[in-house]
Amino acid sequence: MSRTLFTFKGGVHPPEHKTESNTQPIHSAPLPRHLVIPLSQHIGNPAKPVVNVGDLVRKGQMIAAADGYISAAVHASSSGTVTAIDMQAVPHISGLHDLCITLETDGRDEWTERTPLDYLAMAPAELRMQLRDMGLAGLGGAVFPSAVKLDPGAAHPC
């Protein structure tokens, strides 16, 4: 016995409204006044805050360090002042709150000092820890920290 679930063919096709944006020039988005940065941005342990409320931070500065083997650091998205370290709603299907760091941006978007990484001169274990501290994680569904993905075990080179 066959059953029809829908009485129309082809689904719903709402108006696309592309003309409202495809004729305008592309421009940079404005810097938000507040940034809420979740400390769980990967599978594994959430990062632990290394800043305090009132601290001034710069873009790219580590604001939370990796906590354990399966974890990765989190960095400031812009320069400004830490205004809160607390539980806030995060964009996750669970609908639950998670620990976040809130920055009030200063509008300057100033980078912290950056130095090149001489990865060829580093031992594999040291390189993996640098990747963990840089906050690198995979783009697959689990968002696995890259330092863990690149750990081949004692018998294989990185």
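These exercises work through strands, a helix, a surface patch and salt bridges in a predicted model.

**Exercise 1. The open sheet**

Task: Work out which strands form the open sheet, in what order, and which of them are edge strands.

Solution:
- Start with the order. Three strands form the open sheet, arranged β2-β4-β5. The pairing is antiparallel.
- Now find the edges. An edge strand pairs on one side only. That describes β2 (48-49) and β5 (74-75).
- Check the join between β4 and β5. Strand β4 covers residues 62-65, and 2 bridges connect it to β5. These two strands run antiparallel.
- Fix the register with one pair. Methionine 62 stands opposite histidine 75 in β5.

**Exercise 2. The pairings of β6 and β7**

Task: Trace the pairings from β3 through β6 and β7 to β1, and give the number of bridges at each step.

Solution:
- Begin at β3, residues 56-57. It is joined by 2 bridges to β6, residues 80-89. The direction is antiparallel. Leucine 56 faces threonine 81 across this pairing, as the two stand opposite each other.
- Move to β7, residues 97-105. Here 9 bridges link it with β6, again in antiparallel fashion.
- Place two pairs along β6 and β7. Glycine 80 stands opposite threonine 105 in β7. Isoleucine 85 stands opposite isoleucine 101 in β7.
- Finish at β1, residues 34-38. It is joined to β7 by 5 bridges, and the two run antiparallel. Valine 36 stands opposite threonine 102 in β7.

**Exercise 3. The buried face of α1**

Task: Identify the buried residues of α1, explain why they line one face, and say what they pack against.

Solution:
- List the residues. Helix α1 spans 124-134, and Leu127, Arg128 and Leu131 are buried in it. The cut-off for buried is under 20% relative accessible area.
- Look down the helix axis. The buried residues of α1 fall within an arc of 100°, so they line one face.
- Recall the helix geometry. An α-helix has 3.6 residues a turn, so residues three or four places apart point the same way.
- Find the partner. The buried residues of α1 pack against α2 (146-149).
- Look just past the helix. Glycine 135 follows α1 and takes a positive phi of about 85°.

**Exercise 4. A nonpolar patch**

Task: Name the residues that make the nonpolar surface patch, and place tyrosine 119 in the chain.

Solution:
- Name the members. They are Leu117, Tyr119, Leu120, Met134 and Leu136.
- Give the area. The patch covers about 490 Å².
- Locate tyrosine 119. It sits in the loop between β7 and α1.

**Exercise 5. Salt bridges across the chain**

Task: State how many salt bridges the whole structure holds, then place the partners of arginine 33, aspartate 67 and glutamate 110.

Solution:
- Start with the total. The whole structure has 9 salt bridges.
- Recall the principle. Side chains of opposite charge can pair when their charged atoms come close.
- Take arginine 33. Its side chain meets that of glutamate 104 in a salt bridge, at 3.7 Å from N to O. Arginine 33 lies in the segment before β1 and glutamate 104 in strand β7, so the pair ties together parts 71 residues apart in sequence.
- Compare their accessibility. Arginine 33 is exposed, at 57% relative accessibility. Glutamate 104 is partly exposed, at 29%.
- Take aspartate 67. It forms a salt bridge with lysine 48, with the closest N and O atoms 4.0 Å apart. Aspartate 67 lies in the loop between β4 and β5 and lysine 48 in strand β2, so the pair ties together parts 19 residues apart in sequence.
- Add their accessibility. Aspartate 67 is partly exposed, at 27% relative accessible area. Lysine 48 is partly exposed too, at 47% relative accessibility.
- Take glutamate 110. Its salt bridge is with arginine 58, the closest N and O atoms being 3.9 Å apart. Glutamate 110 is in the loop between β7 and α1, and arginine 58 is in the loop between β3 and β4. The pair links distant parts of the chain, 52 residues apart.
- Classify this pair. Glutamate 110 counts as partly exposed at 30% relative accessibility. Arginine 58, at 43%, is also partly exposed.
- Widen the view. Arg58 and Glu110 belong to a network of salt bridges that also links Asp106 and Arg108.

Note on methods: Residues numbered from 1 in each chain as written. Predicted model: local features only at pLDDT ≥ 70, side-chain atom pairs only at ≥ 80, totals over all residues. Heavy atoms only, no water. Buried < 20%, exposed > 50% of the residue type's maximum accessible area, 1.4 Å probe, protein only. Helix = DSSP H or I, 4+ residues; strand = E, 2+ residues; numbered from the N terminus. Arc of directions from axis to C-beta. Contact = heavy atoms within 4.5 Å. Pairing = 2+ DSSP bridges. Patch = residues over 30% accessible without salt bridge, like charges linked within 9 Å, V, L, I, M, F, W, Y side chains within 5 Å. Areas by Shrake-Rupley, 256 points an atom, 1.4 Å probe, with all protein chains shown as cover.
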